Amino acid sequence: MPAQSGREKAYAFLKETVLTDPDMQGRFLTEQEIADRIGISRTPIREALLLLAAEDLVQLVPKRGAHIAPLSGREITELMELRGIVERHAAERTIEAGTVPVGKLTELLERQRELMGPEQAKEFIAVDHLFHATMVAAVGNELLNRHYDGLRSRQIRAGVVALYTQTGRQEEVLGEHRAILDAVASGDPEAARTAISAHLGSTLKVLLAG
C-alpha cells in the first residue's frame with residue numbers, strides 16, 4: 001500500500017480528527033496551527049483545506065483561515081432526509097434479497113454497548129456510522145456505497161454533537177439500533193422502515209433542540 005502524501009495525511013487528519021471534535025465547531029484554523037499539530041509543511045495543508053472547502057466542510061476566509069461552521073438546521077434536516085431515503089432502501093433491498101448481515105450488525109451493536117460514556121463518544125459514533133454503512137453495503141451497489149460514505153464526516157459531526165447535547169442519548173441510540181436490527185432480522189420491511197424513520201427522527205429532534 002503506497003504511503004500517504006502530505007495532502008492525504010492532512011486531509012484525513014482534518015476530516016477524521018478536527019472536524020469531528022465538538023470543541024472545534026465554530027472555530028477558525030490556520031495553516032500554521034495544523035502544520036504544528038501534524039508536522040508537515042503548509043502547502044499540502046492548503047491543498048487539503050481546498051478539498052474540504054470544495055466539499056463544503058470548511059469555509060476559507062481571507063486572513064482568518066478555515067472556519068469550521070457548525071452544521072445549520074437546514075444541513076442537519078437535509079442530512080437526515082437523505083440518510084432516511086438510502087437506509088430505508090437498503091433495508092428493503094437486503095430483506096428482499098436475503099442478504100441482511102445480521103451477524104455483523106449484532107457484533108457492531110455489541111461494540112457500541114461497550115463504548116458508553118462521553119470519553120468514548122467519538123468512537124461510539126464511528127461504530128454507529130459503521131452499523132448503518134454495513135446495511136447499505138449489503139445492497140451491493142458500489143455507487144450507493146460511495147454516495148453514502150460521502151455523508152460520513154457530516155454524520156459523525158452531527159452524531160458527536162447529539163451525544164454531547166443530550167444525556168442518555170447513547171442508551172436511546174442502542175435501543176433504536178436494536179429495533180432496526182430486530183426488524184431486518186425478522187424480514188419485516190415495514191417494521192424496518194418504521195424503526196429507521198424513528199431513529200433518524202429522534203436524532204434530528206435532539207440536534208435541532210441543541
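**View 1. The largest cavity and the residues around it.** In this predicted model, 15 residues line the largest cavity, and those nearest its centre are Arg83, Ile125, Asp128, Gly159 and Thr203. Five elements each hand two or more residues to that lining: α4 (73–97), α6 (121–137), α8 (152–165), α9 (169–185) and α10 (189–209). If you're setting up a probe or a grid here, the space comes to about 160 Å³. What is the lining made of? Seven of its residues are nonpolar, five polar and three charged.

**View 2. Helix α8 at the wall of the largest cavity.** Which element supplies the largest share of the lining of the largest cavity? That's α8, with six residues. Val161 also sits in helix α8. Is Val161 buried, partly exposed or exposed? Its relative accessible area is 30%, so it counts as partly exposed, since buried would need under 20% and exposed over 50%. For a sense of distance, pick Ser202, which is 41 residues away from Val161 along the chain: their C-alpha atoms are 14 Å apart.

**View 3. The second largest cavity.** The search over the whole structure turns up two cavities of 30 Å³ or more, and this one, the second largest, has a volume of about 50 Å³. Its lining is short enough to list: Glu87, Phe131, His132, Met135, Ile180 and Ile196. Helix α6 contributes the most here, with three residues. By type, the lining splits into four nonpolar residues, one polar and one charged.

**View 4. Helix α9 and what packs over it.** How far apart are the end C-alpha atoms of α9? They're 24 Å apart, which agrees with the 24 Å expected because 17 residues at 1.5 Å a residue should span that much. The buried residues of α9 are Arg169, Gln170, Val173, Leu174, Glu176, His177, Ile180, Leu181, Ala183 and Val184. One of them, Ile180, turns up again in the lining of the second largest cavity. The cover over these buried residues includes α4, α5 (102–113), α6, α8 and α10. Just past α9, Gly187 adopts a positive phi of about 75 degrees.

**View 5. The annotated stretch, residues 4–71.** An unreviewed UniProt entry lists residues 4–71 as "domain: HTH gntR-type". In the model, how much of this stretch is helix and how much is strand? Helix takes 50% and strand 12%. From one end of the stretch to the other, the C-alpha atoms are 29 Å apart.

Terms used: Residues are numbered from 1 along each chain as its sequence is written. This is a predicted model: local features need pLDDT of at least 70, side-chain atom pairs count only at pLDDT 80 or more; totals for chains, interfaces and linings use all residues. Side-chain values use heavy atoms; hydrogens and water are left out. UniProt positions are given in the numbering used here, feature names are shortened, and annotations may be inferred rather than shown by experiment. Helices (H or I, at least four residues) and strands (E, at least two) are DSSP runs, numbered from the N terminus. On a 1 Å grid over the protein atoms alone, a cavity is a set of points where a 1.4 Å probe fits but cannot get out, and a pocket is an open set with protein on both sides within 12 Å along at least five of seven lines; lining residues have an atom within 4 Å of a point. Grid points are joined across faces, edges and corners, and a volume is the space filled by probe spheres set on the points. Ala, Val, Leu, Ile, Met, Phe, Trp, Tyr, Cys and Pro count as nonpolar, Asp, Glu, Lys and Arg as charged, and the others, Gly among them, as polar. Buried means under 20% relative accessible area, exposed over 50%, partly exposed in between (1.4 Å probe, protein chains only). The expected span of a helix is 1.5 Å times one less than its number of residues. Contact means heavy atoms within 4.5 Å.
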